Amino acid sequence: MLTHNQQQMGDRPSVDDIQKAARALWDDAQIAAAMLATGGGTLGGGHVRCGPGGARDRWLKLLQALAGDAPAWKRLPVSVDTERLIGGLDLALTLSQGRRVHTRGLLDEAQGGFLIAAMAERIDNSVAGLIARAMDETALADKFSLVLLDEGEADEATPVILTERIALTIDLRGIPHSVYKTPPLFNRSDIERAHALAQDIPLPTEMLPALSGACAAAGAPSMRAFLALVAAAKLHAALSRRSAVEAEDAVVASRLVLGLRLASAQDSPPDDHQDAPQDQTNETPDNEESAPDKDQDVQILEDQLIEAVAVAARASDLLQGAQATLNRRKGGAGKAGEAVQSGSRGRMAGERRGDPRRDGRLDVIATLRAAAPWQTLRQREDQRGAARIRVRPDDFRIRRRIANRETVIIFVVDASGSAAMNRMAEAKGAIESLLSDCYARRDQVALIACRGVAAETLLPPSRSLVRARRSLSGLPAGGGTPLASALESALQLALVEEGKGRTPFIVLMTDGRPNIGRDGLPGRPQALDDAIEAAKAIRSAGVSVLFFDTNRRPDARVKALCDTMAGDYRPLPIADAGAISKAVRSVVT
């Protein structure tokens, strides 16, 4: 965590600070897994914020090990249908047996166990409603624990109807391998002991005002957060082998229930006395002249809980900031020249052991150098002649080369409307300018036209200037703006090229006013919604985008569309081919 001096001075966090934050979040994640294994039905489940990776896999294995073999462990597919979710009529058995035979759904099969939902940010609202109803209507003994694996970005959110029914939030983003590979804090015997104690642990009534005040300060939207806080505090007391809930249990529960879901309200908790009128601040009723000591204790505990919420939020923010810095240092997708190993071309980068018949070109000097130290010993073993140099397969050295990864620049040009001819002329000129020096960098250029009722790939990836001129000559323009179709075509082409080992980069030139939907039918509202969905898919795929706004003035709606796909926004109402190609080179190369 950041120290007080670092927060005041704005110092950059050290590696030690980042490691401490990661360990604190991982310890809390282990406590959350132990709580879910002990009494998951009373907590509703856990909201795990992390993409696929070692930390998430490790946490799921820990949860399954702590829960034991008895509880059900079911996975919820993203595209689950209603019949598979809640059950339905088994037609084959019904017809063969002459009576109604019903199948059990996932919600019934997961009773008393765990329902794991990957890519929770993509759960359909109708599916979320059915899950929420089952969580509300199922008896406590049969309740399942819903584990939401949230992989969403900033503009993607898990359905609120599910997150408000889940007590614990776990943040595993950015936790390094060295932290989550440490020995676990709990084992199965700890869970069995805590399960036996959890039913009888009381919570002192004087703690209730402090818990309620912490929920209010964190901006909890409903009473569910308070009830979850009480349940989590009791479970932590049981895991700690205490006979009653203490302040430490409430602090840990506050971090897990409130600490990672309401960051906007955590940084500056509201002060109830701040807005009081000035003429009333010095007036105290006669019956409140001397507040009892327990009120001071409640206020101290409430301050501790609020501070715990802020500490958890700071730890998460610190790891996310460190991860963002690391990503910037590595460079994003679309940058030309990502170094990759190559056996036939590129600059020399030493040698390695290998077979020249299949691994590459033999480095004779390095091979002889590797064999030289062994000649005396080998001559003693082989008496056929002292003049021969004895080279064995282990001595073979292959030249190792590093080549820049090829980049594919995919132009998506809005070829509709009155200004289409100018945009197409600018795009043609920029493509020809870029192709003139693509051969040396092993880059390729493609062109997709956005016009009519669907996008059209006019130029597949190529670095041939002759082929490009032939494909682009006499290109017609005009008609509708099927922007969603163009974005989907660009993404599909980018994924294909990425599978071939190249780095795709999308250059988009449009005024951001689609009027043709994905189905080819006119209608601006539906066309805009389809374009936004396609933009989100591009962002999820991690493809870099350079977005030229061709409106006469920069348009905020176009900027929002660019932000949806995490693109580099460039307002460019008046430009020539040279300006466009220069802008592309500045980003790609």
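This text walks through a sheet, the helix packed on it, and the nonpolar cores of a predicted model.

A good place to start is the open sheet. Five strands make up this sheet, in the order 2-5-6-1-7, and their pairing is parallel. Strand 2 (73–76) and strand 7 (168–171) are at the edges; each has a single partner strand, so one side of each is left without a neighbour in the sheet. On average, and with direction ignored, neighbouring strands of this sheet are turned by 20° against each other.

One pairing can be followed in detail. Strand 5 (residues 114–118) and strand 6 (residues 145–150) run parallel and are joined by five bridges. Ala118 has Leu149 of strand 6 opposite to it. Against the sheet packs helix 3 (residues 54–67), which touches strand 1 (45–49), strand 2, strand 5, strand 6 and strand 7. The direction of helix 3 makes about 170° with that of strand 6.

Next come the nonpolar cores. The largest one holds 73 residues, and the members that touch the most others in it are Met35, Leu43, Trp59, Val147, Leu168, Leu172 and Leu258. Helix 2 (residues 15–43) gives the most to this core, contributing 13 residues.

Which residues is Trp59 in contact with, leaving aside its neighbours within four places in sequence? They are Trp26, Ala29, Gln30, Ala33, Leu36, Val48, Val147, Ile170 and Leu172. Apart from the largest core lies another, of 28 residues, including Val408, Val545, Phe547 and Val558.

How values were computed:
Residues numbered from 1 in each chain as written. Predicted model: local features only at pLDDT ≥ 70, side-chain atom pairs only at ≥ 80, totals over all residues. Heavy atoms only, no water. Core = buried A, V, L, I, M, F, W, Y, C linked by side-chain atoms within 4.5 Å. Buried < 20%, exposed > 50% of the residue type's maximum accessible area, 1.4 Å probe, protein only. Helix = DSSP H or I, 4+ residues; strand = E, 2+ residues; numbered from the N terminus. Contact = heavy atoms within 4.5 Å. Pairing = 2+ DSSP bridges. Axes fitted to C-alpha atoms, helices over the stretch in contact; angles between N-to-C directions.
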